[in-house]
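Me: Got a minute to go through this one with me? I'd like to start with the sheet and then move on to the helices.

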Amino acid sequence: MNNTDNQGDVWEVFVQSKPGLPHKHAGSVHATDKEMALQNARDMYTRRNEGTCIWVVPLDAIVSSMPEDSGSFFEPSDDKIYRHPTHYVMPEGAKHI
Amino acid sequence: MTKEEALFNYCLRLGDSSLILGQRMSEWCSNGPIIEEDIALTNIALDLIGQARTMLTYAGQLEGKGRTEDDFAYKRNEREFYNTLLSERPNGHFGDTTIRNFLHSAYYYHLFKVLSNSKDEMIAAHSVKSLKEVTYHLRHSAEWVVRLGDGTEESHQKVQKSFNDLWEYTGDLFEMNKVDELLIKEGIAVDLNDVKKEWLKTINEVLDRATLSKPEDAYMHSGRLNAIHSEYLGHLLAEMQFLPRAYPDAKW
């Protein structure tokens, strides 16, 4: 916890909207421990029937790439369209590919 | 007393306790210690107001005089409310609210658990739905009881005092009269002595985890069954009922 406030640590919240779908980042909450982080996430981000499962992750457990990395990280894939599976025919009824 | 009259009174008890506790919780709106808790407390308020709506609407149907949920909420006076004395206790500090909610949520949890098998379909359905809500209210408040009780020396002392102060309003939760007697025979209501045993188990478990001690059973207030209240209910009603009483035809 930092010294400037007493709201607890920041936890990032990931909500799964339906079983089988990936958990998506919904936002963040303050909490002093895992259980309260989970409860706060439940209260903040699933009030309107948004979810079937919640993950909370301490902010400092997340490693993020930096803006200055974007050239070396992401641009090399710009001209490699053959990596997209665009030449396949999507099977009928497959919703989540 | 007929079965309908008894059931009518029973619905007012359930509806009023949810309504008054819900109104108390809504007083936390914008006053929570952190935004997350502010939302948690007002979520609970909304759950409770929802419970009140179901029970007061049902009471109106049983009575058959055309009174609506709003009539019951806004056009009755103190001596016509059958809520638990615990539900009208003022919010105090966050610890006071936490302990009050914990005691009341544990009561509702064990009450709705058994009322889910009530022979009255509405009471049973209401209990099944409400049980899900109060299970969360209980979990939320119990976790805070543990954190405050087993927190710092100051938080421990504060919530131990909250417990000691509120304990004398818990006897009222389990009192019964002829209404209960009649409805228990019909398989509609439940024996609150049984609910109390389960309630005490929950209280003791959480108190243990929270390193708090159970207050001694001394004087217990009573009033719920006869619509007798502390001085706090009048103030609460004055605020809650002001608008519909001042502007009777006001529409949302």
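**Chain A sheet, then chain B helices**

Reply: Sure. This is a predicted model, and in chain A there is an open sheet of 3 strands in the order S2-S1-S3, with antiparallel pairing.

Me: Which strands are the edge strands?

Reply: Strand S2 (24-31) and strand S3 (53-58) of chain A, since each pairs on one side only.

Me: And what does the twist average from one strand to the next?

Reply: It averages 30°.

Me: Does anything pack on that sheet, and if so, which strands of chain A does it touch?

Reply: Helix H1 of chain A, residues 34-45, packs there and touches S1, S2 and S3 of chain A. Its direction makes about 125° with that of S2(A).

Me: OK, back to the pairing. How many bridges join S1 to S2 in chain A?

Reply: Strand S1 (residues 9-16) of chain A is joined to S2(A) by 7 bridges, and the two run antiparallel.

Me: I want a couple of residues to click on. What is the bridge partner of Glu12(A) in S2(A)?

Reply: That would be Ser28(A). You can also click on Phe14(A), whose bridge partner in S2(A) is His25(A).

Me: How many bridges are there between S1(A) and S3(A)?

Reply: There are 6 bridges between S1(A) and S3(A), again in the antiparallel sense. One pair to look at is Val13(A) with its bridge partner Val56(A) in S3(A).

Me: Switching to chain B. What is its mean pLDDT?

Reply: The mean pLDDT of chain B is 97, and 100% of its residues reach 70 or more.

Me: And what ipTM does the predictor give the complex?

Reply: An ipTM of 0.80, along with a pTM of 0.90.

Me: Now the helices. At what angle do the axes of H1(B) and H2(B) cross?

Reply: Roughly 155°, and the axes of helix H1 (residues 3-26) of chain B and H2(B) come within 7 Å. Angles over 145 degrees count as roughly antiparallel, so H1(B) is roughly antiparallel to H2(B).

Me: Is that crossing left-handed or right-handed?

Reply: H1(B) passes H2(B) in a left-handed crossing. The contact between H1(B) and H2(B) has 19 nonpolar, 6 polar and 2 charged residues.

Me: What about H4(B) and H8(B), how close do their axes come?

Reply: The axes of helix H4 (residues 94-115) and helix H8 (residues 192-209) of chain B come within 9 Å and cross at roughly 140°. H4(B) and H8(B) are therefore oblique to each other, and their crossing is right-handed.

Me: Which residues make the contact?

Reply: On H4(B) they are Phe102(B), Ala106(B), Tyr107(B), His110(B), Leu111(B) and Val114(B). From H8(B) you have Val195(B), Glu198(B), Trp199(B), Thr202(B), Ile203(B) and Val206(B). By class, the contact of H4(B) with H8(B) comes to 9 nonpolar, 2 polar and 1 charged.

Me: Last topic, the two chains together. How many residues of each chain are in contact?

Reply: 7 residues of chain B are in contact with 10 residues of chain A.

Me: Which helices of chain B each supply at least two residues of the side that touches chain A?

Reply: Helix H2 (35-63) and helix H5 (121-149) of chain B. H2(B) gives the most to that side, with 4 residues.

Me: How do the residues of that side of chain B divide into nonpolar, polar and charged?

Reply: The side of chain B that touches chain A has 3 nonpolar, 2 polar and 2 charged residues.

How values were computed. Residues are numbered from 1 along each chain as its sequence is written. Chains are lettered from A and ligands numbered from 1 in the order in which they are written. This is a predicted model: local features need pLDDT of at least 70, side-chain atom pairs count only at pLDDT 80 or more; totals for chains, interfaces and linings use all residues. Two residues are in contact if their C-beta atoms, placed from the backbone, lie within 7 Å. Ala, Val, Leu, Ile, Met, Phe, Trp, Tyr, Cys and Pro count as nonpolar, Asp, Glu, Lys and Arg as charged, and the others, Gly among them, as polar. pLDDT is the predictor's confidence in each residue, from 0 to 100. Axes are lines fitted to C-alpha atoms, for helices over the stretch in contact, and angles run from 0 to 180 degrees between N-to-C directions. Angles under 35 degrees count as roughly parallel, over 145 as roughly antiparallel, 65 to 115 as roughly perpendicular and the rest as oblique. A crossing is left-handed if the near helix is turned anticlockwise from the far one by less than a right angle, and right-handed if clockwise. Two strands pair if DSSP finds at least two bridges between them.
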